[in-house]
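Student: Please take one part of this model and look at it closely with me, step by step. I would like to know how it is built, and then how its surroundings are held together.

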Amino acid sequence: MKNIPTISVSEVLAQAFIDMPQELPTEVQILVDSLIIDVAGLCVAARHADYVGASFRATFEPGQCTVIGHAQKGNVFTACFVNGTATHGEDYDDTFEGGPIHAGAVIVPAVLAACEQHGLSGSDLARGIAIGSEVMCRLCSVAPKLVHKAGFHPTAVFGAIGAAAGVASALGLSKEQWVNALGIVGSMASGIIEYLAEGTWTKRMHPGWAAHSGYRAARLAQEGFTGPRTLFEGEHGFFHAFANQDDNHFDEMLADVGTKWLCADMAFKPYACGTMAHPYIDCARKLVAQGLQTKDIESIECNTAEGIVHRLWEPLNNKRNPPNGYAAKFSIPYAIAVGMIRDDAGLIDYEESVVHDPQIRELTNKISYKIDPNNPYPKKFIGHLKVTLKNGEVLEAYQGHFRGGKDEPMSIDTLEQKFKANCIYGGWNLPEIQQALEQIKAIRRTTTVTAAQLAQ
């Protein structure tokens with residue numbers, strides 16, 4: 001049996017975030033604003049989707065929390081679950097190179113609902129979102145790739161921890177309560193990746209469930225319920241369960257915690273699909289812009305990372321012929337083909353009629369891969385295409401970064417344009433969109449958080 005540490009990892013995290021200055025660094029304030037803008041737009045875009053309707057009907061109980069894009073206010077559970085599910089439902093939400101995880105879809109719904117439920121301020125909201133997101137990003141450094149390899153969705157299991165930390169911070173819990181919240185939520189974390197088999201909906205609900213779990217754990221801790229202090233490093237702890245690893249080193253996770261903000265480098269997606277497909281789409285569009293015509297293509301071979309093959313490349317025949325729009329979001333062959341043929345990979349490019357387009361199917365079946373042992377995943381997401389034409393000519397394209405990430409960040413103006421486009425897709429008119437955007441941009445400075453303009 002392992003020795004019980006005098007000071008646990010959870011205690012180090014709690015102390016660092018409790019002791020940090022009240023004023024967030026400018027770059028973190030910008031991140032918080034960006035996350036709220038992106039989450040709100042994505043919720044509106046998905047508000048009429050079948051999976052959101054099912055989530056709303058199954059969980060709705062009246063309350064005082066905003067269910068974004070819906071006139072009826074729900075209780076904390078409804079708001080956490082529906083907003084988290086809607087945000088992540090189209091795979092168009094933020095990401096973190098080094099994960100990959102999607103923090104906004106978990107943390108914003110959890111902390112926003114907590115703030116509305118308990119009458120907290122905009123500064124409480126910002127602090128909770130920042131700390132919850134930072135905890136999720138830092139968890140990624142402990143066992144890179146192993147959580148996915150073990151069959152779990154990192155956003156789901158890391159998200160529960162991050163949500164508990166975010167809500168605990170917003171509520172101003174004591175160090176002991178903070179540590180208990182993490183210990184409790186470790187037993188609530190869940191989310192397997194079998195959705196990949198047939199494009200079913202469970203991945204969509206993972207952030208909503210994590211948000212709800214984080215809130216419940218923080219409230220249990222606030223009322224005196226206890227959880228294991230050694231959640232992370234314990235013999236039966238978090239990474240033993242979710243990464244099949246016991247020899248964990250937490251130095252990188254804890255380095256400069258409370259002063260250095262990894263989450264400030266989070267990325268925002270320009271395309272509505274799985275993160276690692278994005279650089280491949282950019283390469284595909286670049287070749288077409290340079291004059292490539294798809295009718296001339298004999299075959300396409302891509303260098304790729306071993307760590308993403310089981311999610312985005314295999315079974316190859318299935319990825320070349322995805323059964324539905326959601327399955328297509330986790331297919332690099334489809335992403336390349338739709339990028340070449342439609343010059344985009346937005347929301348409409350994953351609708352059923354497009355996914356089954358014979359022209360796209362013909363091209364996907366010409367696409368294959370080989371593993372590059374030097375691929376830097378998960379530290380960086382890169383793309384590569386080698387196109388052989390019917391006349392024997394070979395064209396190549398390479399992109400060494402994720403567009404929208406730290407090497408080519410999405411500006412706040414571009415993010416606002418994405419927000420507006422998503423809201424239009426969801427059926428809002430321009431006055432509704434402008435009112436919502438103005439409320440979001442002022443929310444950090446409010447004495448009592450409200451998101452009334454998002455309930456339309």
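Tutor: What follows begins with the whole chain, turns to one helix, and then moves outward from it.

This is a predicted model, in which local features need a pLDDT of at least 70 and side-chain atom pairs count only at pLDDT 80 or more, while totals for chains, interfaces and linings use all residues. Residues are numbered from 1 along each chain as its sequence is written, and side-chain values use heavy atoms, with hydrogens and water left out.

The protein chain contains 21 helices and five strands, where helices (H or I, at least four residues) and strands (E, at least two) are DSSP runs numbered from the N terminus. Along its principal axes the C-alpha trace spans about 70 × 55 × 40 Å. A compact globule with 456 residues would have a radius of gyration near 23 Å, and the 21 Å of the protein chain agrees with this; the radius is taken over C-alpha atoms, and the globule rule is 2.2 Å times the number of residues to the power 0.38. Of the 456 residues, 61% count as buried, and here buried means under 20% relative accessible area, exposed means over 50%, and partly exposed lies in between (1.4 Å probe, protein chains only). Among contacts between residues at least 6 apart in sequence, 76% join residues at least 24 apart, a contact being heavy atoms within 4.5 Å.

The part to look at closely is helix α21, which has 13 residues, from 430 to 442. From its first C-alpha to its last, α21 reaches 19 Å, close to the 18 Å expected at 1.5 Å a residue; the expected span is 1.5 Å times one less than the number of residues. At the start of α21, a side-chain oxygen of asparagine 429 comes to within 2.9 Å of the backbone nitrogen of glutamate 432. This can be compared with the rule for a polar contact, which is a pair of N or O atoms within 3.5 Å; within protein, one must be able to donate a hydrogen and the other to accept it, and residues adjacent in sequence count only if both atoms are side-chain atoms.

Which residues of α21 are buried? They are Ile433, Ala436, Leu437, Gln439 and Ile440. These residues lie on the same side of α21 because they cover an arc of only 165 degrees around the axis, the arc being that of the directions from the helix axis to the C-beta atoms. An α-helix has 3.6 residues a turn, so residues three or four places apart point the same way. On the face turned away from the buried side, α21 carries the exposed residues Leu430 and Pro431.

The cover over the buried residues of α21 includes α2 (26–45) and α20 (412–425), and a salt bridge joins the side chains of aspartate 38 and lysine 418, at 3.2 Å from N to O. A salt bridge is a side-chain nitrogen of Lys or Arg within 4 Å of a carboxyl oxygen of Asp or Glu. Aspartate 38 belongs to helix α2 and lysine 418 to helix α20, so this pair links distant parts of the chain, 380 residues apart. Both ends are out of view: aspartate 38 is buried at a relative accessible area of 3%, and lysine 418 also counts as buried, at 7%.

By this rule the count comes to 16 salt bridges. In another of these, the side chains of aspartate 282 and arginine 403 meet at 3.0 Å, N to O. Aspartate 282 lies in helix α13 (residues 278–289) and arginine 403 in the loop between β5 (394–399) and α20, so the pair ties together parts that are 121 residues apart in sequence. Aspartate 282 counts as buried at 9% relative accessibility, whereas arginine 403 counts as partly exposed at 25%.

Helix α13 also holds histidine 278, which is buried with a relative accessible area of 1%. Leaving aside neighbours within four places in sequence, histidine 278 is in contact with Lys269, Pro270, Tyr271, Cys273 and Phe402.

Elsewhere, arginine 219 forms a salt bridge with glutamate 223, with the closest N and O atoms 3.0 Å apart. Here arginine 219 is partly exposed, at 23%, and glutamate 223 is exposed, at 59%. Finally, Glu90, Arg204 and Lys329 are linked in a network of salt bridges.
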